[in-house]
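Visitor: I am new to this structure and would like a close look at a single part of it, the open sheet and its surroundings. Could you start with how far the model can be trusted, and then walk me through?

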Amino acid sequence: MPIAIALAIAMNSANVAAAGPLLPTFPIGAAAYTVNVDEPDGNPGYVFYTTGLSAAVTVPEQVSALPTAAPANVIVDKSGREVWRYTPPPGQGVSNFRTQLYQGKPVLTWWQGTSNGGHGSGVDYIADDHYRVIETLTPGGGLSSDVHEFRLTPDGHALITSYKEVTADLSPVGGPKNGEMLDCIASVVDVATKKVLFAWDAMQHVPLTDTVMNYGPLATAITTYDPYHMNAISLDPQGNLLISFRGTSTIYDVDAHTGTVDWQLGGKHSSFTMGPGVAFAGQHDAEFADSSTIRLFDNNVEGVVPQGLSSLQWISLDYRRHTATLVRNQTHPAGLVTFATGNAQALPKGDTFASWGTAPHISEVSPSGDLLYDASLPLGTYRAFFDPWTGHPVDRPRLTFTGGSAHAVWNGATGVARWRLLHGDDERNLLPQSVTEWAGIDTTIPAGHAPGSYRIQALDSAGAVVGESDTVRA
């Protein structure tokens with residue numbers, strides 16, 4: 001997001017549909033994860049998201065200084081119970097947390113680093129199902145990984161966004177002839193060798209005058225002038241790059257060998273005639289749903305001015321006639337207006353999982369638009385994903401005591417259905433005392449105040465022991 005939230009608050013709210021708020025609120029101290037809707041027709045799996053203020057969002061100092069929850073990668077089940085939590089070192093943030101496939105195996109990936117005025121400066125991470133980091137990646141050549149995109153491809157490559165500050169003639173957009181601006185780079189990197197296979201420079205291919213972010217106080221008050229704001233890279237059906245720019249409200253199809261822009265959708269110079277209802281602005285997460293249909297999250301924000309409700313949008317492209325036809329456009333029942341961030345993920349049964357970004361909700365929506373799942377977060381999340389996952393933490397379960405309660409702690413274990421508490425005079429003679437349903441990473445077990453030795457056993461749904469703690473004296 002290239003403009004600070006505080007500046008947008010001053011805009012005339014008449015530009016926004018009455019059904020939704022102009023900008024997100026920040027209810028400090030609100031519940032971390034509140035489930036509003038959970039229909040049985042939804043898909044099974046886990047929710048993957050990041051807490052805290054994302055580096056993808058520019059916020060004023062008075063907002064970023066508020067006492068919010070520490071940034072973290074979080075996996076929860078559909079009831080909101082935490083399965084795994086990773087908190088980065090102090091001073092660093094995380095974002096874009098998800099599951100992907102690497103070398104044919106499910107992995108966890110995320111960006112980690114520092115915020116830099118609406119983009120990020122950091123490193124991309126890949127962790128295995130034991131939660132061990134197996135790869136870290138940047139584009140190299142003096143570029144760091146930006147927060148917006150880290151996408152793995154089936155051939156072992158990674159698509160990475162980067163931002164770099166450059167000096168340029170900004171007079172065509174109302175700025176100085178020798179001004180500072182942010183250029184954007186899309187890189188294709190071989191994960192195993194760390195070799196950069198292809199790099200595409202926005203400034204070399206997209207005229208500055210295509211931006212909707214004219215130079216001025218709203219565009220430069222908090223961050224360096226950001227005319228492009230690249231926020232997504234994916235592959236088209238031919239293996240070329242599909243790149244989204246918030247700053248131009250345009251999606252570009254780029255030849256992955258020559259760097260030529262083969263076509264563009266939306267913005268000031270669309271290669272396609274836009275049919276009835278085909279309109280998006282400030283969009284995120286553009287990708288192909290099939291060989292001729294693009295799915296995207298339409299923030300519906302032109303520069304800093306919301307144009308109406310945000311939505312999930314599908315657009316069919318006719319390459320021969322050069323026309324774009326609206327297939328589907330789904331808004332949230334609450335009439336959400338998402339000023340920044342957001343994504344739309346395809347699920348089985350034709351459902352779609354979405355982060356509504358700064359709105360702040362995450363949802364599962366059926367093809368007909370029915371809300372199958374919905375949860376709200378204090379600050380929203382840049383992207384949210386929903387997938388199956390089996391985690392095998394390296395650490396054993398841990399048993400602690402607080403007053404008359406025991407706590408069964410096992411960060412990342414997905415196969416636990418219940419906890420069995422064992423007790424005895426000594427560790428060689430422990431007997432079952434109680435069985436408690438699993439209730440998240442830290443499950444409270446009533447234990448009373450009897451002295452002796454205690455141990456916990458993690459049981460799967462069939463009652464088999466899948467983990468056991470050390471013995472603790474209490």
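Guide: Let us begin with a stretch to treat with care: over residues 1-30 pLDDT stays under 50, and the model has 80 contacts beyond four places in sequence for them. Here pLDDT is the predictor's confidence in each residue, from 0 to 100, and contact means heavy atoms within 4.5 Å. Residues 60-67 also stay under 50, with eleven contacts beyond four places in sequence. For the protein, the mean pLDDT is 90, and 91% of the residues reach 70 or more.

This is a predicted model, in which local features need pLDDT of at least 70 and side-chain atom pairs count only at pLDDT 80 or more, while totals for chains, interfaces and linings use all residues. Residues are numbered from 1 along each chain as its sequence is written, and side-chain values use heavy atoms, with hydrogens and water left out.

Now to the sheet. It is open, has five strands in the order 17-23-22-19-18, and its pairing is mixed. At the edges lie strand 17 (273-274) and strand 18 (284-290), each pairing on one side only. Helices (H or I, at least four residues) and strands (E, at least two) are DSSP runs, numbered from the N terminus; two strands pair if DSSP finds at least two bridges between them.

Within this sheet, follow strand 19 (residues 293-298) and strand 22 (residues 311-318), which pair in the antiparallel sense over six bridges. Phenylalanine 297 stands opposite leucine 312 in strand 22.

Stay with phenylalanine 297 for a moment, and look at its ring. Its centre is 5.4 Å from that of tryptophan 356 and the planes are at 75 degrees, so the pair is edge-to-face. The rule is that rings of Phe, Tyr and Trp (its six-membered ring) pair if their centres lie within 6.5 Å, with planes under 30 degrees apart counted as stacked, over 60 as edge-to-face and the rest as tilted. By this rule there are 22 aromatic pairs. The pair of phenylalanine 297 and tryptophan 356 links distant parts of the chain, 59 residues apart: phenylalanine 297 is in strand 19, and tryptophan 356 is in the loop between strand 25 (352-355) and strand 26 (361-365). Both residues, phenylalanine 297 and tryptophan 356, are buried, where buried means under 20% relative accessible area, exposed over 50% and partly exposed in between (1.4 Å probe, protein chains only).

Back in strand 22, you will find isoleucine 315. Isoleucine 315 counts as buried because its relative accessibility is 0%. Leaving aside residues up to four places away in sequence, isoleucine 315 touches ten neighbours you can pick out by name: Leu265, Val278, Phe280, Ser292, Thr293, Ile294, Leu296, Ala324, Thr325 and Val327. For a sense of scale, the C-alpha atoms of isoleucine 315 and alanine 464 are separated by 49 Å, and the two residues are 149 places apart along the chain.

Two arginines are worth a visit too. The charged end of arginine 328 sits over the ring of tryptophan 314, 3.8 Å from its centre. Arginine 246 has its charged end over the ring of phenylalanine 339, 5.5 Å from the centre. A charge sits over a ring if NZ of Lys or CZ of Arg is within 6 Å of the ring centre and within 35 degrees of the ring normal.
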